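User: Got a minute to go through the salt bridges in this one? I'll fire off questions as we go.

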Amino acid sequence: MTLDISTLFAVTVFTTGLGGFLLLFAWLQARATTALAWWGAGFIVSAVSTALFGARGLVADVWSVQTSGALMMLAYALLWTGARVFEGRRPLLPAIAAGAIAWLVAWQFDAFAHSLPVRIALASCLVSGYSALFVRELWRGRRDGLVSRWPIMGIAIAHAVFFPIRIPTVMSLSFPLGMPAAHNGFTSLLIFTPLLYAFALVFLLMALTKERAELRQRYAATIDPLTGIPNRRGFSERAERLLARSGKDQSAATLLLFDLDQFKRINDRFGHRTGDAVLGLFTQSALHSLRPLDLLGRMGGEEFVALLPGVTTATAIAVAERVRHSFEIAASEFDGHPVAATVSIGIASTAQGHCDFDSLYAVADAALYRAKQKGRNRTETGWPLSGTADRPDTGAALPEMITRA
């Protein structure tokens, strides 16, 4: 069955333009995602380019061939720029116009204007170049976990490879398109591919931006905005996974519970700005003392927690003391004020028989309470919640350099 070529061109123009307006509409709903605006403009320019080329024989060649080709290069440049902006990089305005300018300049030479193979070669090189840049930008951000970027890159690569095959057939069509002419099914299929490309790409680009928005919402729901580390929800979810893995590996894991001493006094005396800065100082002190695989979170207010997989209680005590000492030094003075902030720490380990987060937290919280009772700015280890009658005074058992009244 042979499809009508003029109808295919009309449907391609309509679909491409509609896709562009849908992307622009999506941008109006999410102004922060400016990539949608670049992509929408690219599809609209592509629709105008296709319409001008389809009008060949009805309008002068300067519009249907020269201007149409320049707009096509601009459309691919806008799509590449959208990918660049999506990955957080600035648009390169000279590079956006470079392809269109190169196409128009080439038409000033008779050898180019009268040679279809040369025109095909230049168009293919420019389209392939912009498509490669488009794919390169998406490839750079591949580690963000957005699944939609992979089919987008595949479609862009296939389109760039297929482009040199399609152009000779398109250029050899009988114009005006409404004139009776014999076109086989393969020709119709080649004309039909831009329609499929536009439809699939618009759908996937919108899915990509939606996927990122959802990812950011999930991230915001689990990250403390002040310190940039997991909040209570985010920490507990990750801690349960780490503890489950430690249980399977039969390896120890230790929980450190931190509470900044007399934090309300700091807020009341020096103001909440200083209080927030002290929370940031503690976060940095803790991150500096912990390993990259350790998990640090803020449970709320001035309370923080860290989970150290594969670490025994003895090693955790040394880590806790590093955090305590470094924070005491860093927070001794801030902005000219003698803040003198300190932290108390409670420790619980899975070696005590607690393998879930809630149980570890309860033991560490009891140890932290004892640290507060014994004078603050010290580290205490926990004991099991059951068998309270013979609980040892673990704080007294710690070396003198570790405990501080």
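User: Is Glu 380 buried or exposed?

Analyst: Glu 380 is buried, with a relative accessible area of 0%. Keep in mind that this is a predicted model.

User: And which residue forms a salt bridge with Glu 380?

Analyst: Arg 378 does, with the closest N and O atoms 2.7 Å apart. The two side chains are also joined by a polar contact of 2.7 Å.

User: Where is Arg 378 found?

Analyst: In the loop between helix H13 (357-373) and strand E5 (379-381).

User: Loop residue, fine. Buried or exposed?

Analyst: Buried. Arg 378 has a relative accessible area of 6%, and the cut-off for buried is under 20%.

User: Switching topic. What does Arg 324 pair with?

Analyst: Glu 321. Their salt bridge has its closest N and O atoms 2.7 Å apart.

User: How many residues apart are Arg 324 and Glu 321 in the helix?

Analyst: Three. Both belong to helix H12 (residues 313-330), and that spacing puts about one helical turn between them.

User: Are those two buried or exposed?

Analyst: Both count as buried. Arg 324 is at 1% relative accessibility, and Glu 321 is at 6%.

User: OK, over to Arg 140. Which side chain does it meet in a salt bridge?

Analyst: The side chain of Glu 137, at 3.9 Å from N to O.

User: 3.9 Å? Why does that still count?

Analyst: Because the cut-off for a salt bridge is within 4 Å, and the Arg 140 to Glu 137 pair comes in at 3.9 Å.

User: Which helix holds them?

Analyst: Helix H6 (residues 116-140) holds both. Arg 140 and Glu 137 lie three residues apart there, about one turn.

User: What about accessibility for that pair?

Analyst: Glu 137 is buried, at 1% relative accessible area. Arg 140 is partly exposed, at 37%. That label applies because partly exposed lies between the buried limit of under 20% and the exposed limit of over 50%.

User: Back to the first pair for a second. Give me the distance again?

Analyst: Arg 378 and Glu 380 have their closest N and O atoms 2.7 Å apart. As for networks, salt bridges with shared partners join Arg 84, Arg 89, Glu 137 and Arg 140 into one.

User: Good, that covers Arg 140 too. Last one: how many salt bridges does the count come to?

Analyst: The count comes to 17 salt bridges.

Conventions: Residues are numbered from 1 along each chain as its sequence is written. This is a predicted model: local features need pLDDT of at least 70, side-chain atom pairs count only at pLDDT 80 or more; totals for chains, interfaces and linings use all residues. Side-chain values use heavy atoms; hydrogens and water are left out. Helices (H or I, at least four residues) and strands (E, at least two) are DSSP runs, numbered from the N terminus. Buried means under 20% relative accessible area, exposed over 50%, partly exposed in between (1.4 Å probe, protein chains only). A polar contact is a pair of N or O atoms within 3.5 Å; within protein, one must be able to donate a hydrogen and the other to accept it, and residues adjacent in sequence count only if both atoms are side-chain atoms.
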